[in-house]
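User: I'd like to go through this model with you and hear the reasoning behind each label. Could you set the values against the cut-offs as we go?

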Amino acid sequence: MARRALIRGAAVSLTLAMGLGSPAVGTAQGETVAGEVVVPATTAMLPQTSLLSAGPSGFLRYEYGRGHLWTTYDGVDTVVDASATGVYGLPEFGAGSDVVAAYDESGRVVTLRDMRSGRSRTIPLPPRHEYWATLGSTVVTLAGTQGSDITWHLLDVRDDGSVTDRTVAGVPRASTPSTSATRRWATRTGRS
């Protein structure tokens with residue numbers, strides 16, 4: 001009963017906010033309020049979209065049943081991965097840029113697709129490096145043994161296709177990623 005009153009109160013507030021005139025509140029339970037907007041729960045839950053990353057020209061999102069989509073700020077959708085069935089952490093996709101990253105675990109290659117220009121480039125991971133994330137068009141990897149000698153690396157692809165590998169300075173070699181990130185890395189690498 002209290003929930004129904006809360007929903008009715010919200011409908012009245014929505015009616016007033018939309019400027020649909022003064023609502024006629026019914027007295028009987030289940031009676032419809034004039035000017036009331038009712039959104040069925042199934043419709044209200046669609047499209048079940050999760051924002052994954054955003055850049056200057058658009059954003060990457062996951063939509064249930066459609067996969068990963070790049071949407072420009074003009075509203076144009078491009079399917080990036082129709083087979084995607086889940087949502088992963090923000091930095092895995094090229095956070096803060098128009099670049100969408102896709103990591104092929106079996107081939108150990110990160111493909112960087114610039115959604116504005118349509119250009120794609122690949123970065124093969126060096127031996128003993130594990131993929132961590134992509135920030136903009138920079139691929140972040142970890143090398144070493146968790147808990148003892150992890151080294152962070154930044155990989156960038158040049159115009160000629162060669163890859164630069166910069167070690168992140170100032171991070172203690174025994175430092176490990178945050179707890180949830182450590183579990184993800186350990187799962188990826190089989191190191192628990």
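User: Happy to start small: what makes Asp98 count as buried?

Analyst: Its relative accessibility is 8%. Buried means under 20% relative accessible area, exposed over 50% and partly exposed in between, with a 1.4 Å probe and protein chains only, so Asp98 counts as buried. Before we go further, this is a predicted model, in which local features need pLDDT of at least 70 and side-chain atom pairs count only at pLDDT 80 or more, while totals for chains, interfaces and linings use all residues. Residues are numbered from 1 along each chain as its sequence is written, and side-chain values use heavy atoms, with hydrogens and water left out.

User: Why is the contact between Asp98 and Arg116 called a salt bridge?

Analyst: The closest N and O atoms of Asp98 and Arg116 are 3.6 Å apart. A salt bridge needs a side-chain nitrogen of Lys or Arg within 4 Å of a carboxyl oxygen of Asp or Glu, so the pair qualifies. Asp98 sits in the loop between S4 and S5 and Arg116 in the loop between S6 and strand S7 (120-124), so the pair ties together parts 18 residues apart in sequence. Arg116, at 56% relative accessibility, counts as exposed. The strands named here, like the helices, are DSSP runs numbered from the N terminus (H or I of at least four residues for helices, E of at least two for strands).

User: What makes Arg61, Glu63, Arg66 and Asp77 one network?

Analyst: They are joined by salt bridges that share partners. Arg61 bridges to Asp77 with the closest N and O atoms 3.0 Å apart, and Arg66 bridges to Asp77 at 3.5 Å. As for cover, Arg61 is buried at 9%, whereas Asp77 is partly exposed at 31% and Arg66 is partly exposed at 35%. In total, the structure holds eight salt bridges.

User: Why is the aromatic pair of Tyr103 and Tyr131 called stacked, or would edge-to-face fit?

Analyst: The centres of Tyr103 and Tyr131 are 4.6 Å apart, with 15° between the planes. Rings of Phe, Tyr and Trp (its six-membered ring) pair if their centres lie within 6.5 Å; planes under 30 degrees apart count as stacked, over 60 as edge-to-face and the rest as tilted. So this pair is stacked. Tyr103 lies in strand S5 and Tyr131 in strand S8, so the pair ties together parts 28 residues apart in sequence. Tyr131 is buried at 2%, while Tyr103 is partly exposed at 25%.

User: And what kind of pair do the rings of Trp132 and Trp152 form?

Analyst: Their centres are 5.9 Å apart and their planes at 85°, so the pair is edge-to-face. Both Trp132 and Trp152 are buried.

User: What makes up the largest nonpolar core?

Analyst: It has 10 residues, among them Val99, Val110, Tyr131 and Val139. A nonpolar core is a set of buried Ala, Val, Leu, Ile, Met, Phe, Trp, Tyr and Cys residues joined through side-chain atoms within 4.5 Å. Leaving aside neighbours within four places in sequence, Val139 is in contact (heavy atoms within 4.5 Å) with residues including Val110, Leu112 and Tyr131.

User: Where does pLDDT stay under 50?

Analyst: That happens over residues 1-27, and pLDDT is also below 50 over residues 179-185. pLDDT is the predictor's confidence in each residue, from 0 to 100, and the protein chain averages 73.
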